[in-house]
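Please look over the sequence and the structure before reading on. The note then takes up the copies, one interface and one residue.

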4 protein chains.
Amino acid sequence: MDKFFIEKRIYYHDTDCGGVVYYANYLKHLEEARTEYCIKKGIDLKQLGKDGIYFVVARVEIDYKASARYGDIVQVTASISDVKRSSLKFYQQILRGPSILIRAYTTWVCVDGNFRPISIPHEVKKLLTAES
Amino acid sequence: MDKFFIEKRIYYHDTDCGGVVYYANYLKHLEEARTEYCIKKGIDLKQLGKDGIYFVVARVEIDYKASARYGDIVQVTASISDVKRSSLKFYQQILRGPSILIRAYTTWVCVDGNFRPISIPHEVKKLLTAES
Amino acid sequence: MDKFFIEKRIYYHDTDCGGVVYYANYLKHLEEARTEYCIKKGIDLKQLGKDGIYFVVARVEIDYKASARYGDIVQVTASISDVKRSSLKFYQQILRGPSILIRAYTTWVCVDGNFRPISIPHEVKKLLTAES
Amino acid sequence: MDKFFIEKRIYYHDTDCGGVVYYANYLKHLEEARTEYCIKKGIDLKQLGKDGIYFVVARVEIDYKASARYGDIVQVTASISDVKRSSLKFYQQILRGPSILIRAYTTWVCVDGNFRPISIPHEVKKLLTAES
């Protein structure tokens, strides 16, 4: 497992009538883990937004290997797998103990207030990829 | 049934692992019906927002009488039950044919961009309460 | 503030384009706090469900006093305000430090697998209302 | 544009505080279009579920090209791009008139009640891929 992860309990609002977590709701868990990863790295997404610098999701590839159920405790990892001039890619897993439920790659593009790509600020790039 | 209603199908994303619609998700259906009611009455909430006039929900009272399930077709009504200087109340039902599933009262307050109550514009009040 | 509360960060998925938390999403926070309250009291809702005993929401009264925003840390309280033969009422607040954002009463009805009201099991009633 | 599509209005509950539709919520729109596609083709997912035959999402690849906003009317297409023994792939777009906002591939696996892959029933396969 990647070094960084958050732990979450699965509630009713995560699930659907198939008895397991609804496929779109895992993307909320992934958002939470990416946000906490940034906070841990010292990146203040809210302040960046006030400065007109945003990260928007440009692509998600997500594999559903197994399902989480109501009451489960899951771990959601986040690590950076690639950084380019104006984009970066997260690799994330959702696990229930030793079982990998979800594997996902999410591409973030750095944009200005008009959704136009801009270079990721040097300082942010440094923080994102710093060792723990 | 009230004269105005929208019709919706229930999808997986509406439900939870109890096998029925998740209790918070009915509030999305209620929002949709109120929005469509306003559109039908000629009220452009988006334009009002651009003019710095917003309607925010100040209170919801909702009774869950029976449950909607995946695949159900439900009707969501909307009517105005009360109008005051800076607030108004919607009465809404969610029905599955003759069965009343949900009864709800939602209070909207008219606010400016700083969430301070303002008088509902006269023109809006007239449109909201006009006969069909 | 009530003795029992959970603490949560507000993420993008909680908010809407009004810039604040979407009105229905607070009900997810309320669910989470009620669930954690039950866990703390030693009540296993999942096991009760396997035994054919469910708690379903019959009514919500919720007052929206102020809004939570992206990045906020909020506290969500839960306490029992009333217990009857087959129903009980939670009183909950969502706070951001000293500010009360939300006040809500939620009525749970104890039902069997066919959504028919049944008496709340004596043991559950005892646990729910025990002094922490 | 693909022949089959549904049309939807974007409501507050679809959006986030970035001012546009939240990235996970497009997956709900994609679900709705796939469901309506199946209904149009004469496939009753609910009845299949009662017969112990389920389709679960095994993979999603989604590209976010541009954003939908509150009040937009969008079109959500659905077509089958590949069919195998126990899985099939949907190709879907979300458009706002001539603008492509979203492109997505979703893989469904046909499973039994224990989430074990089974062959897609011959009749279902025939209906899914039938012309109009």
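The points below deal with how the copies are related, how two of them meet, and one residue of chain A.

1. This is a predicted model, in which local features need pLDDT of at least 70, side-chain atom pairs count only at pLDDT 80 or more, and totals for chains, interfaces and linings use all residues. Residues are numbered from 1 along each chain as its sequence is written, while chains are lettered from A and ligands numbered from 1 in the order in which they are written.

2. Chain A is superposed on chain D by a rotation of 180° with 0.0 Å of shift along the axis, at an RMSD of 0.0 Å; the fit is by least squares on the C-alpha atoms of residues with pLDDT of at least 70 in both copies. The two copies are therefore related as by a two-fold rotation axis. Within chain A, the C-alpha nearest this axis belongs to A:Glu61, at 2.2 Å. Both copies use the same surface, since 100% of the contact residues of chain A recur in chain D. Two residues are in contact if their C-beta atoms, placed from the backbone, lie within 7 Å.

3. A rotation of 180° with 0.0 Å of shift along its axis also brings chain A onto chain B, with an RMSD of 0.0 Å. Here the C-alpha of chain A nearest the axis is that of A:Asp16, 1.9 Å away. The same surface again serves both copies, and 100% of the contact residues of chain A recur in chain B.

4. The contact between chains A and D draws 14 residues from chain A and 14 residues from chain D. On the chain A side, helix H1 (26-40) and strand S2 (54-64) each supply at least two residues; helices (H or I, at least four residues) and strands (E, at least two) are DSSP runs, numbered from the N terminus. S2(A) gives the most, with 8 residues.

5. S2(A) pairs with strand S2 (residues 54-64) of chain D in the antiparallel sense over 5 bridges, where pairing requires that DSSP finds at least two bridges between the strands. Which residue of S2(D) is the bridge partner of A:Glu61? The partner is D:Glu61.

6. A:Arg96 lies in strand S5 (residues 87-96) of chain A. A:Arg96 is partly exposed, with 17 other C-beta atoms within 10 Å (buried means 20 or more, exposed 12 or fewer, partly exposed in between, with C-beta atoms placed from the backbone). A:Arg96 and A:Gln75 are 21 residues apart in sequence but 6.2 Å apart in space, C-alpha to C-alpha. Leaving aside residues up to four places away in sequence, A:Arg96 touches A:Ala68, A:Asp72, A:Val74 and A:Leu101.
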